[in-house]
Structures are given as C-alpha cells and as structure tokens.
Amino acid sequence: MADIEVEEINCGSGNDYDGRLGLRIGGIFIIFITSFAGTAFPIAARRFPSLKVPTIAYDTAKYFGSGVIIATAFIHLLTPAFEELGSECLSGAWTTYPWAAALSMAAVFAIFLVELFAFRLGSDFFNGSSQPYDPHSHSFAAHGPEVGGGHLDGAAKTDKADSDYALSKGSIEGKEFLETASTPSAQILGVAILEFGVIFHSVVIGLTLGVTNEFTTLFIVIIFHQTFEALGLGARLAMLPLPRSSLIPWLGGIAYSLATPLSLAIGLGVRTSYNPESTTASIVSGVLDALSSGILLYTGLVELLAHEFIFSDTMRKAPTWKVLFAVGNILLGAGLMALLGYWA
C-alpha cells in the first residue's frame with residue numbers, strides 16, 4: 001500500500017510525459033500566433049484609424065478582456081495557488097498557514113503602495129508643469145484617448161464629457177499630444193504591473209504544458225485562455241497615452257505572446273526530469289500564482305472596474321444601454337474564463 005502512495009505522490013523528479021513531441025513543438029508557434037493576434041487587434045484598432053474598426057468592436061474587446069482578467073485572478077491563479085501551497089509534498093511552515101491568501105494580500109498592498117507613490121510623484125510633476133494629474137480622471141491625459149463617433153479615431157479626440165472634466169482640472173484641450181507626450185508614469189506603471197502579472201502566470205502554464213500527459217485537452221483550453229487574456233492586455237496597452245509611432249504597446253504585446261511559448265520550449269527541454277508536482281515546483285509555482293493573483297485582483301477591481309465605471313465621468317453620464325453593454329461584456333468574459341477553469 002505504501003508503494004502505491006509513493007507512485008501517486010511523486011515529490012521528486014520525473015513526470016507523466018507521454019511523447020507527442022511534434023505536436024508540442026507545433027504548439028509553441030500556435031500559442032504565439034493566437035496570443036499575438038489577441039494583443040495586436042486592440043492596438044491596431046486604436047492606432048490605425050484607416051482600418052475603420054467600429055468603436056463597438058474595440059469596446060467589446062476592452063470590456064470582455066476586463067472580465068477575463070478578473071476571472072483569471074480568482075479561478076486560474078488564486079485557486080491553483082491554494083492547491084500548490086497545500087500540496088502533500090510540502091511540510092513544516094508551509095502546512096501551518098494559508099500562504100496563498102497571505103501572499104495574494106501582500107501583492108495587493110504592494111501594488112497599492114507603488115501606485116500611491118507613483119500618483120503622488122505624478123501629481124507633483126504635473127503641478128510643476130501647470131497640468132495637474134488626477135489618477136481618477138478619464139481624460140486623455142490620465143487614462144488614454146477616448147473614442148468618438150462610429151469608428152476609432154486613433155488617439156486624437158476625447159468625448160465632450162471627458163474634455164469638460166479635463167478642462168475643469170486645468171488641462172488645456174488644444175494641445176493634446178504636445179501636453180500628454182510626457183505621459184503619466186503611473187498609468188504606464190499600472191499597465192506594466194498588469195503585464196508582469198499575466199506573464200508570471202503564462203510561464204507556469206508553459207512549463208506545465210511541456211510535460212503534461214493531458215496535452216491535447218490542456219492545449220485547446222490554453223489557446224482560448226491566452227487569446228482571451230491577450231484581448232484584455234492588448235486593450236490596456238492600446239490605451240497608453242503614447243504617440244502613435246511608439247513601439248511600447250507592440251513590445252508589450254510581443255513580450256506577453258512569447259512568455260508561454262518560451263516556457264513551453266523550456267518545459268520540453270526538461271521534459272524527462274521536470275515534475276510540476278514536486279516540492280520545489282509546488283512552492284515556486286504556488287508563490288508566483290499567489291502573487292500574480294493579487295496583482296490581477298488589484299488591477300481588475302481598481303484599475304479596470306472602479307476607474308472605468310465608478311470614477312469615469314463618461315460612464316456616469318452614458319446612456320443605460322451603453323452601461324449594460326459594458327457590464328454584459330465584462331460578465332461574459334469572466335464567465336467564459338471561469339468556465340475554462342473546469343478543464344485547466
């Protein structure tokens with residue numbers, strides 16, 4: 001009986017790798033393409049007005065992606081963190097305290113403190129340059145360009161409500177890019193934090209995908225998972241108040257798109273020895289998942305929901321159908337991502 005238990009709970013090296021190397025190698029390129037397509041669509045829609053992407057298509061991707069990010073934090077990060085840090089392979093202090101919840105909470109407060117001081121420094125900078133920075137403002141200067149009309153205008157206009165609000169805060173409407181070229185560092189920091197959170201998660205996914213014996217099922221789920229997540233990240237990268245020629249949003253999209261394929265390649269390189277359920281792997285992946293869940297929870301609930309709906313002057317004045325449309329897409333994204341958690 002003891003021998004059977006040792007086989008079921010392998011806390012050392014080795015895994016259930018079952019071959020199919022060609023399919024796994026092909027998966028590297030498929031995941032990269034689908035991930036990059038997900039991030040590139042919102043960025044291209046925002047920055048190339050000649051594409052004439054309907055505003056509703058961009059808004060759908062943006063709000064759908066917000067729901068995906070929140071569901072990822074709860075279902076795909078926090079839950080696995082509890083399982084990994086509660087593994088039977090762990091002993092000592094790891095078994096006497098709910099470390100997953102503690103680390104997630106620590107990440108929330110760490111991001112809060114980072115953004116708090118970033119906002120203060122940003123306010124001091126813009127006060128010194130006669131353009132106060134309000135982190136809760138949804139003017140162009142604070143949270144990126146808004147859209148108007150039936151198509152995206154590529155970062156040139158704000159709607160009337162946001163323009164009035166920006167003017168009341170002291171910004172000058174006639175200068176647009178000249179005034180906002182020195183972008184609020186806090187906004188860029190917020191998107192960078194979001195990206196780091198999803199990249200940590202993607203690394204763990206790739207390593208597991210490289211050695212799992214349930215590759216086909218997990219691979220299909222990961223394609224949808226990465227594409228949905230990419231839409232959310234791409235929408236936020238697209239909203240950065242940067243010149244249209246800036247490569248930063250594209251580089252951010254490429255970095256995210258490479259995370260899972262590269263970690264999958266690494267997983268294939270150690271496919272005969274890496275065990276995702278070993279003591280060391282459980283600790284590392286559990287800590288990363290817990291920290292990433294806190295990052296995405298803060299970003300999703302504060303940056304995406306609170307700033308987009310509660311603090312947004314535009315959303316407060318928007319017609320009911322627009323609010324319901326946005327909320328519906330958030331719930332759809334969260335629901336589909338939560339459903340994927342049934343398989344992975």
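A crossing of two helices is called right-handed if the near helix is turned clockwise from the far one by less than a right angle, and left-handed if anticlockwise. In this predicted model, the crossing of α2 and α9 is right-handed. Helix α2 covers residues 21–47 and helix α9 covers residues 215–238. Their axes come within 8 Å of each other and cross at roughly 25 degrees. Angles under 35 degrees count as roughly parallel, and α2 and α9 are therefore roughly parallel to each other. Sorted by class, the residues in the contact of α2 with α9 are 15 nonpolar, nine polar and three charged.

From α9 the reader can turn to α10, which spans residues 248–269. The axes of α9 and α10 come within 10 Å, and the crossing angle is roughly 160 degrees. Because angles over 145 degrees count as roughly antiparallel, this angle makes α9 roughly antiparallel to α10. The crossing of α9 and α10 is right-handed.

Helix α10 also takes part in an aromatic pair. A pair of aromatic rings is described by the distance of the centres and the angle of the planes. The model has eight aromatic pairs, and one of them is formed by Phe 48 and Trp 250. The ring centres of Phe 48 and Trp 250 are 6.3 Å apart, with 45 degrees between the planes, and the pair is tilted. Phe 48 sits in the loop between α2 and α3, whereas Trp 250 belongs to α10. The two residues are 202 residues apart, and the pair links distant parts of the chain.

Past that loop, the next subject is α3, which runs over residues 55–85 and packs with α11. The angle between α3 and α11 is about 150 degrees, and their axes are 8 Å apart. That angle makes α3 roughly antiparallel to α11, by the cut-off of 145 degrees. The crossing of α3 and α11 is left-handed. The contact of α3 with α11 has 19 nonpolar residues, along with eight polar and four charged ones.

Helix α11 itself can be checked for length. It has 32 residues, from 279 to 310, and at 1.5 Å a residue these should span 46 Å. The expected span is 1.5 Å times one less than the number of residues. The end C-alpha atoms of α11 are 43 Å apart, which agrees with the expected span. Along its course, α11 bends by about 25 degrees at Gly 300.

Terms used. Residues are numbered from 1 along each chain as its sequence is written. This is a predicted model: local features need pLDDT of at least 70, side-chain atom pairs count only at pLDDT 80 or more; totals for chains, interfaces and linings use all residues. Side-chain values use heavy atoms; hydrogens and water are left out. Helices (H or I, at least four residues) and strands (E, at least two) are DSSP runs, numbered from the N terminus. The bend at a residue is the angle between axes fitted to the seven residues ending there and the seven starting there. Axes are lines fitted to C-alpha atoms, for helices over the stretch in contact, and angles run from 0 to 180 degrees between N-to-C directions. Angles under 35 degrees count as roughly parallel, over 145 as roughly antiparallel, 65 to 115 as roughly perpendicular and the rest as oblique. Ala, Val, Leu, Ile, Met, Phe, Trp, Tyr, Cys and Pro count as nonpolar, Asp, Glu, Lys and Arg as charged, and the others, Gly among them, as polar. Rings of Phe, Tyr and Trp (its six-membered ring) pair if their centres lie within 6.5 Å; planes under 30 degrees apart count as stacked, over 60 as edge-to-face and the rest as tilted.
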